[in-house]
Amino acid sequence: MRLWTMAVVGLGLSLSALTTANAQESDWEEKPYIIEDGKVDYGTYNGYRRYHNTCHVCHGPDALGSSFAPSLTESLKTMSYTDFLEVVTNGRQAKGAANQDSVMPSFAENSDVMLYIDHIYAYLKARADDAVGRGRPERLPPEEDQVFQEWKDSQ
Ligand code: HEC
């Protein structure tokens with residue numbers, strides 16, 4: 001009897017913890033960046049750098065698009081995090097596109113991208129929301145940057 005009660009209490013606790021985690025997760029997907037006085041958190045800043053290492057050659061500087069690939073500043077206005085992750089991981093080829101070179105490569109094997117995919121997402125989402133402008137954003141000082149502190153602790 002006692003064990004049973006404990007199990008129920010335990011289940012109740014983990015369910016509510018799960019609900020909270022889900023709520024936080026969806027908040028993060030909506031707004032994965034912190035920007036104070038125009039200064040961005042570490043994730044958004046790192047995302048800017050990673051984007052301009054790998055993605056800008058096709059998607060254009062500042063994610064504005066090019067003749068090769070769409071503007072991700074536009075795409076991220078409506079695209080979910082899950083869909084974003086899916087495309088970057090598996091790549092995509094436009095079906096029936098006039099331009100047969102229109103291929104989004106798969107980055108599943110590229111750890112420079114996959115390890116920082118949440119940061120790239122944060123940067124692109126900030127661009128889509130017009131929360132960060134063109135060019136290199138200014139970073140929050142590390143001691144005021146919650147994202148940086150969490151990132152450092154996780155390393
Ligand atoms: C070699 C060129 C190239 C590179 C490099 C590249 N992409 Fe793409 N990407 C494309 C093309 C072309 C498409 C459009 C594919 C289609 O029409 O289905 C695309 C589509 C996408 C889409 C879907 C957009 C939408 O509106 O559906 C996302 C998201 C995306 N790319 C993210 C990235 C990210 C993040 C990087 C860097 C890690 C990256 N891409 C690097 C060429 C590229």
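The six donor atoms around the iron atom of the ligand subtend angles of 87 to 180°, and the arrangement is therefore octahedral (six donors with opposite ones over 155 degrees apart and all others between 65 and 115). The protein contributes His-59 through NE2 and Met-104 through SD, at 2.0 to 2.1 Å from the iron; donors are N, O and S atoms within 2.8 Å of the metal, or 3.2 Å for Na, K and Ca. This pair joins distant parts of the chain, as His-59 belongs to helix H3 and Met-104 to strand E4, 45 residues apart.

A word on the source helps here: this is a predicted model, in which local features need pLDDT of at least 70 and side-chain atom pairs pLDDT 80 or more, while totals for chains, interfaces and linings use all residues. Residues are numbered from 1 along each chain, and side-chain values use heavy atoms, without hydrogens and water.

Turning to the surroundings, 24 residues lie around the ligand, each with a heavy atom within 4 Å of it. Among these, Cys-55, Cys-58, His-59, Ser-75 and Met-104 come nearest.

Polar side-chain atoms also face the ligand. One of His-59 lies 2.8 Å from a ligand nitrogen atom, whereas ligand oxygen atoms lie 2.6 Å from one of Ser-75 and 2.8 Å from one of Arg-92.

Methods. Polar contact = N/O pair within 3.5 Å; in protein donor to acceptor, adjacent residues only side chain to side chain. Tetrahedral: all angles 85-135°; square planar, octahedral: opposite > 155°, others 65-115°. Helix = DSSP H or I, 4+ residues; strand = E, 2+ residues; numbered from the N terminus.
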